Amino acid sequence: MTYNTLLLFLVHFLVLSVFSPVLYAQQPLQAVTISQAAHYFNYTEFDDNGVELDKETGFIPGLQLSYLLGLGLNKHQLSFNIGYFQGQVEYDGQLQSGAPFLTDTDETLFNYGFKYTLNTALLYAPDVFFMLSQHRWDRDILGRGSVSALSEVYTWNEAAIGFMQKLYKNKKNQIAAEISALYIFNPEMEIDLRDFDFGRPELSLGASGGLRLQLFYHHNVSRRVRLSTAAYYEAWNFGRSANLTILGLSRSAIIFEPESETRHSGVKFSVEILF
């Protein structure tokens, strides 16, 4: 699936919405949600034998923004989501010689995407949702002593399908759990090796599946304002890249990106305003 396919699907859905009296049986629901997150970054790389090479862990703050449009008595929901996380975490790894190396890494995560939800509006029947999003991760491993800094940029697409189950609900409060299966596709990375005369080579990484879990608590402050808190966990892997021979002005080298696993988690606090 490409973003052109996604856009065609969204245009098709919105056109049907405009011309369908069933969907517009009442005024469409619109909502804007702003979320502040404490994101625990957890990334590990392994050699070909499964031995840990390096690990990056630590909390970074994040901000998320979502716009939701609900149609057909709010049975169909379309939302656009954007997220930005930035901070510094600890790097615990090793040099090519095998000597241990400790430093920090500046992490910047950016993502945006669309989500469609079929809302059953029933307490014991789960809502079904589909998501398509694009992600970018800027990874700047800081130099220390005689060891030079290294900057990398990762990009990938994510498709997800999942269910949201309401666990408890009354007029003011709601508890819900969400589970989704992920497919990470077209993962690529770019390494900045200009300081070593090798330019900015690009590597294709191995695609994989993944998982995301979320637990929500919502509290209705009024008819138009809702406060929420959520805990989440997400996991996926990147497969090892193929070897790539790079050429400098007077030398050559073989590079590759090792296999890795991502195990992020965190909590977020949200304010939702309905129109």
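Arg139 counts as buried, because its relative accessibility is 1%, under the 20% cut-off. This is a predicted model, and in it Arg139 forms a salt bridge with Glu56, with the closest N and O atoms 2.5 Å apart. The two partners come from distant parts of the chain: Arg139 belongs to strand E5 (residues 127–141) and Glu56 to strand E2 (residues 52–71), with their positions 83 residues apart in the numbering. Glu56 is buried too, because its relative accessibility is 0%, again under 20%.

A search of the whole structure turns up 16 salt bridges. Three of them are set side by side here.

| Salt bridge | N to O distance |
|---|---|
| Arg139 – Glu56 | 2.5 Å |
| Asp138 – Arg136 | 2.7 Å |
| Arg200 – Glu190 | 2.6 Å |

For the pair of Asp138 and Arg136, which side chain is buried and which is partly exposed? Asp138 is the buried one, with a relative accessible area of 19%, while Arg136 is partly exposed at 39% relative accessibility. The bridge between Arg200 and Glu190 also links distant parts of the chain, since Arg200 sits in the loop between E7 and strand E8 (202–204) and Glu190 lies in strand E7, 10 residues apart. Arg200 is partly exposed, with a relative accessibility of 37%.

Some of the salt bridges share partners, and in this way Glu45, Asp54, Glu56, Arg139 and Glu152 are joined into one network. Two members of that network, Glu45 and Arg139, are also among the residues that Tyr154 touches.

Tyr154 leads us on to the nonpolar side of the model. Leaving out residues up to four places away in sequence, its contacts include Tyr43, His135, Arg136, Trp137, Met189, Leu205 and Phe238. Tyr154 is also one of the residues with the most contacts inside the largest nonpolar core, a set of 24 residues; Phe41, Trp137, Trp156 and Phe238 are the others named for this. Strands E1 (29–46), E3 (76–94), E6 (150–169), E7 (173–192) and E10 (225–238) are the elements that each give two or more residues to this core. The most comes from E7, which provides four residues. As a general tendency, nonpolar side chains in soluble globular proteins are buried together.

Thr103 makes a good stop for a closer look at a polar side chain. What does the side chain of Thr103 reach at 2.9 Å? Its partner is the backbone oxygen of Leu142. Thr103 is found in strand E4 (residues 100–118), and because its relative accessibility is 4%, under 20%, Thr103 counts as buried. Beyond four places in sequence, Thr103 touches Val89, Glu90, Tyr91, Ile141, Leu142, Gly143 and Arg144.

Further along the chain there is a hairpin, in which four residues join E11 to E12. Strand E11 (residues 244–247) and strand E12 (residues 252–255) pair in the antiparallel sense, with four bridges between them. Within this pairing, Leu247 stands opposite Ser252 in E12.

A word on confidence, then. The protein chain has an average pLDDT of 90, and 90% of the residues score at least 70. Where does pLDDT stay under 50? That happens over residues 13–25, for which the model has 18 contacts beyond four places in sequence.

Note on methods
Residues numbered from 1 in each chain as written. Predicted model: local features only at pLDDT ≥ 70, side-chain atom pairs only at ≥ 80, totals over all residues. Heavy atoms only, no water. Buried < 20%, exposed > 50% of the residue type's maximum accessible area, 1.4 Å probe, protein only. Polar contact = N/O pair within 3.5 Å; in protein donor to acceptor, adjacent residues only side chain to side chain. Contact = heavy atoms within 4.5 Å. Core = buried A, V, L, I, M, F, W, Y, C linked by side-chain atoms within 4.5 Å. Pairing = 2+ DSSP bridges. pLDDT = per-residue confidence, 0-100. Salt bridge = Lys/Arg side-chain N within 4 Å of Asp/Glu carboxyl O.
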